[in-house]
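Have the sequence and the 3D view open side by side for this one. We'll walk through the fold, then stop at a few residues worth a click.

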Amino acid sequence: APGAWVPGPARSAPARLAMPEFFDADGYPLVGDTCSLDTCGERDFLPFSCRHCKRKHCLRHAAPAAHDCPNWDPAEAAKSDGTRALVCPICQAAVRYESGPGAVETAWHAHEAVCPR
């Protein structure tokens with residue numbers, strides 16, 4: 001039937017993770033891709049492209065740390081993280097801080113001194 005989806009040949013993935021590709025009635029592959037992480041291989045309808053290594057990943061492995069991205073530098077990423085905020089559970093005030101090691105604790109201690117508990 002025109003427009004019907006039919007399964008296509010198996011994708012060249014590790015044998016234990018082989019996933020079929022799907023094609024429409026005209027033989028064009030459907031959207032989506034397989035996670036590039038060797039130990040995953042999950043087929044994702046809308047895969048994420050890593051902005052550092054340009055490989056496609058499923059939701060679980062989209063973050064650079066989750067797929068051990070070879071082009072990602074955690075220290076450099078932390079420096080460019082920018083301003084963040086947390087909400088005080090007591091007074092509901094926004095407590096702003098610049099991201100970095102120990103920044104949350106420092107901001108929280110400074111807020112505790114002025115929090116109207």
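Let's settle one term before anything else: a residue is called buried when its relative accessible area is under 20%, exposed when that is over 50%, and partly exposed in between, using a 1.4 Å probe and protein chains only. A word on ground rules, too: this is a predicted model, where local features need pLDDT of at least 70, side-chain atom pairs count only at pLDDT 80 or more, and totals for chains, interfaces and linings use all residues. Residues are numbered from 1 along each chain as its sequence is written, and side-chain values use heavy atoms, with hydrogens and water left out.

How sure is the predictor? pLDDT is its confidence in each residue, from 0 to 100. The chain averages 80, and 77% of the residues score at least 70. Residues 10-16 are a stretch to treat with care, since pLDDT stays under 50 there. For that stretch the model has 9 contacts beyond four places in sequence, a contact being heavy atoms within 4.5 Å.

Now the layout. The chain has 2 helices and 8 strands, taken as DSSP runs numbered from the N terminus (helices are H or I, at least four residues; strands are E, at least two). Reading from the N terminus, the order is β-β-β-β-β-β-α-β-β-α. Of the 117 residues, 21% are buried. Among contacts between residues at least 6 apart in sequence, 10% join residues at least 24 apart.

On the outside, the accessible surface comes to about 8,400 Å², with 58% of it belonging to carbon and sulfur atoms; these areas come from the Shrake-Rupley method with a 1.4 Å probe, and for residues only the protein chains shown count as cover. Look for Val31 in the loop between β2 (20-23) and β3 (33-34). Val31 is exposed, at 55% relative accessible area.

Next, the cysteines. Cys58 sits in the loop between β6 (56-57) and α1 (74-79) and is buried, with a relative accessible area of just 1%. What does Cys58 touch, not counting residues up to four places away in sequence? The list is Cys35, Cys40, Glu42, Asp44 and Phe48. The C-alpha atoms of Cys58 and Gly32 are 9.9 Å apart, although 26 residues separate them along the chain.

With cysteines in contact, you may wonder how many disulfides the whole structure holds. The search finds 0, a disulfide being a pair of cysteine sulfur atoms within 2.5 Å. For Cys35, the nearest cysteine sulfur is that of Cys58, 3.8 Å away; Cys35 is buried as well, at 6% relative accessibility. The sulfur of Cys91 is 3.7 Å from its closest cysteine sulfur, in Cys88, so the gap is too far for a bond. Cys91 is partly exposed, at 26%.

Back in the loop between β6 and α1, find His67. His67 is buried, with a relative accessible area of 6%. Neighbours within four places in sequence aside, His67 is in contact with Leu37, Cys50, Cys53, His57, His61 and Ala62.

Finally, check the backbone at two spots. Most residues other than glycine have a negative phi. Lys54, in the loop between β5 (48-49) and β6, has a positive phi near 70° and is exposed at 60% relative accessibility. Gln92, in the loop between β7 (83-87) and β8 (94-98), has a positive phi near 65° and is exposed at 56%.

Notes: pLDDT is the predictor's confidence in each residue, from 0 to 100.
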